[in-house]
Amino acid sequence: MPVTTKPDTALKTDLLFIEQEEENKLAENEAFRFYTRQFDDAFIDEQVFQIAEEVTQQVDCTSCGNCCRSLMINVEEPELDRIANHLQVDKQLLKQEKIETSEQGKMVMNSIPCAFLTGNLCSVYEHRFSECREFPHLHKPGFTSRMFVTLMHYGRCPIIYNVIEILKNKLNFHISSKD
């Protein structure tokens, strides 16, 4: 059954509203996380894939860019090579200026918002990091086991917010006043 948004149930994209909803629905979302465990993982994945596909088509990430303004991005060596090559800059200089390395040897972008964000657009979009390509990770199997992390981004990403809210409806989730 396709996801259809009626005029009175249009997707929410206002970041202030979504951020407030995250605060308002902390307990509800935690209850929903446990509620989803009663369903088969493959069933939940199928629902999430379907909803996410339609929601993603309706939400213009370039009008938002909130993930780029608020997430810490991990970087892999081949990605750094690719971007240095694209920008035609020395990889070591790029690393020195934009990357920080943890004591464990993990590389991350050294600034939030991302140094490659210009307005709401990624200046290296075609060569962006895999974490950026994959976000919000709703196309990956195992949604139920990743839901805790997904809910950490509920108030940050309009796609995640809307997918979760539509999924609640599809699964007939209702929090009782006793909870």
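This report covers aromatic pairs, charges over rings and the main nonpolar core in a predicted model.

## Aromatic pairs

A pair of aromatic rings is described by the distance of the centres and the angle of the planes. The count here comes to eight aromatic pairs. One of them joins Phe 17 and Tyr 161. Their centres lie 6.1 Å apart, and the planes meet at 85°, an edge-to-face arrangement. The pair links distant parts of the chain. Phe 17 belongs to helix α1 (residues 15-24), Tyr 161 to helix α9 (residues 158-170), and 144 residues separate the two. Phe 17 has 33% relative accessibility, so it counts as partly exposed. Tyr 161 is buried, with a relative accessible area of 4%.

Phe 116 and Phe 129 are also paired. Their ring centres are 6.3 Å apart. The planes stand at 50°, so this pair is tilted. Phe 116 sits in the loop between β3 (107-109) and β4 (117-118). Phe 129 sits in the loop between β5 (121-122) and α7 (130-134). The pair therefore ties together parts that are 13 residues apart in sequence. Phe 116 is buried at 5% relative accessible area, and Phe 129 is buried at 2%.

## Aromatic cluster and Lys 168

Five residues form one aromatic cluster: Phe 32, Tyr 35, Phe 39, Phe 43 and Phe 173. Lys 168 is in contact with cluster members Phe 32 and Phe 173. Leaving aside neighbours within four places in sequence, its other contacts are Lys 25, Glu 28, Asn 29 and Tyr 154. Lys 168 lies in helix α9. Its relative accessible area is 2%, so this lysine counts as buried.

## Charges over rings

Two rings from the pairs above carry a lysine over the face. Lys 12 lies over Phe 17, at 5.9 Å from the ring centre. The charged end of Lys 98 sits over the ring of Phe 116, 5.9 Å from its centre.

## Nonpolar core

In soluble globular proteins, nonpolar side chains tend to be buried together. The largest nonpolar core in this model has 39 residues. Those with the most contacts inside it are Val 55, Met 109, Phe 116, Leu 138, Phe 143, Val 163 and Ile 164. Elements giving two or more residues are α3 (41-58), α5 (77-87), β3, α8 (143-152) and α9. Helix α9 gives the most, with seven residues.

Which residues does Phe 116 touch, not counting those up to four places away in sequence? They are Ile 83, Leu 87, Leu 94, Lys 98, Met 109, Leu 121, Cys 122, Ser 123, Val 124 and Phe 129.

Definitions and conventions:
Residues are numbered from 1 along each chain as its sequence is written. This is a predicted model: local features need pLDDT of at least 70, side-chain atom pairs count only at pLDDT 80 or more; totals for chains, interfaces and linings use all residues. Side-chain values use heavy atoms; hydrogens and water are left out. Rings of Phe, Tyr and Trp (its six-membered ring) pair if their centres lie within 6.5 Å; planes under 30 degrees apart count as stacked, over 60 as edge-to-face and the rest as tilted. Helices (H or I, at least four residues) and strands (E, at least two) are DSSP runs, numbered from the N terminus. Buried means under 20% relative accessible area, exposed over 50%, partly exposed in between (1.4 Å probe, protein chains only). A charge sits over a ring if NZ of Lys or CZ of Arg is within 6 Å of the ring centre and within 35 degrees of the ring normal. Contact means heavy atoms within 4.5 Å. A nonpolar core is a set of buried Ala, Val, Leu, Ile, Met, Phe, Trp, Tyr and Cys residues joined through side-chain atoms within 4.5 Å.
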